[in-house]
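Let's take a look at how two chains meet, and at the strands behind their contact. Here are the sequence and the model to follow along with.

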Amino acid sequence: MVYLTRKAEFSAAHYYHNPEFTPEENARTFGKCNNPNGHGHNYTLEVTVKGAVDPKSGFVVDLKQLKETMNREVLDALDHRFLNKEVPEFFTLIPTTENIAIAIWQRLAPKLNSAQLHRVRVYETPDLFVDFYGEA
Amino acid sequence: MKAHLTRRYMFSASHRLHSEQMSEEQNREVYGKCNNPYGHGHNYTVEITVSGQVDAQTGMVCNLVDLDGFVHQHVIQRYDHRNLNLMQEFTENVPTTENLCIAIYEILERGFRKAHLEKVRIEETMMNSFEYAGEGR
């Protein structure tokens, strides 16, 4: 089993708000992330796939295909978007880094045909990242 | 859904690697320039990984304000700009970064209740790092 990781970057705006909370609860729970006008980050995405090395190609996965899938399923949808307003998952889910990692996993997992998705890592800043391994 | 969240923190401290269980010569041999009796220092980067179910109401594994607050109060304030050799946890243990990982892991394991502690990883320099995930891991 060999693991391969591909990195990508995207920039997006978001804010944290739960309509079930009172304004005070939202402010207390989410702090400055609750500003309804949004704020943004340069996110770094790391997608790790695993599989056996194909004896004919020497590849775990066709990198071109992986890159195209990441571009089509993730970056085209998230890059330079306001996540709460433009990305369907976040019409209802709060676009925390946790939920972004889960959403990216759910977008990619059914579309990767040759290799198996192992981990989605999303850096919100260099000092904060979330890993999702597809665990329930 | 279970996710892992990692946060990085920094502090600066001095230490000297020297074991009372070895002779002066053995200490010099084992620890090399880290055995310099005057000590030396590092800018340590600490990565703390916690895990848990993503809360349906907040979208979070744990509120970063809680994690940051705990780590600043119990880890950063404890170690930043200190001489590690003079601290109680290093009176018998040599303040290697291995032992520092274990000490910080134990502080979090004892006191942090907002998420499950997975791992403590420390970069002593850009070129070396150590991690501890508890016994049996």
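## Strands and the chain contact

Strand β5 (residues 128-132) of chain B is joined to β4(B) by five bridges, and the two run antiparallel. (Strands, E runs of at least two residues, and helices, H or I runs of at least four, are DSSP runs numbered from the N terminus; two strands pair if DSSP finds at least two bridges between them.) Within this pair, R121(B) stands opposite E131(B), and a hairpin of two residues makes the connection from β4(B) to β5(B).

Before going further, a word on the model: it is predicted, so local features need pLDDT of at least 70 and side-chain atom pairs count only at pLDDT 80 or more, while totals for chains, interfaces and linings use all residues. Residues are numbered from 1 along each chain as its sequence is written, chains are lettered from A and ligands numbered from 1 in the order in which they are written, and side-chain values use heavy atoms, with hydrogens and water left out.

Strand β4 (residues 116-125) of chain B is mostly covered, with seven of its ten residues buried. Buried here means under 20% relative accessible area, exposed means over 50%, and partly exposed lies in between (1.4 Å probe, protein chains only). β4(B) also pairs with β2(B), in the antiparallel sense, over seven bridges.

The pairings that involve β1(B), from its own chain and from chain A, fit in a small table:

| Partner of β1(B) | Direction | Bridges | Residues standing opposite |
|---|---|---|---|
| β2(B) | antiparallel | 14 bridges | H15(B) and H40(B) |
| β3(B), residues 82-83 | parallel | two bridges | S14(B) and N83(B) |
| β5(A), residues 128-132 | antiparallel | four bridges | L5(B) and V130(A) |

As a general point, side chains in a regular strand alternate between the two faces of the sheet.

Now to the contact between the chains. Chain B gives 19 residues to it and chain A gives 22 residues, where contact means heavy atoms within 4.5 Å. Together the chains bury about 1,800 Å², 55% of it on carbon and sulfur atoms; this buried area is the accessible area (1.4 Å probe) that two parts lose on being put together, summed over both. On the chain B side, M1(B), H4(B) and Q57(B) lose the most area to chain A, together 30% of what that side buries.

Ten residue pairs are in polar contact between the chains (both at pLDDT 80 or more). A polar contact is a pair of N or O atoms within 3.5 Å; within protein, one must be able to donate a hydrogen and the other to accept it, and residues adjacent in sequence count only if both atoms are side-chain atoms. The largest share of the chain B side that touches chain A, seven residues, comes from β1(B).

There are also two salt bridges between the chains, each a side-chain nitrogen of Lys or Arg within 4 Å of a carboxyl oxygen of Asp or Glu. One of the two links K2(B) with E135(A) (3.8 Å, N to O).

Is H4(B) buried or exposed? H4(B), found in strand β1 (residues 2-15) of chain B, is buried, because its relative accessible area is 10%. Among the residues that H4(B) touches are F129(A), V130(A) and Y133(A) in chain A, and T49(B) and E118(B) in chain B.

Methods: Lists of a residue's contacts leave out its neighbours within four places in sequence.
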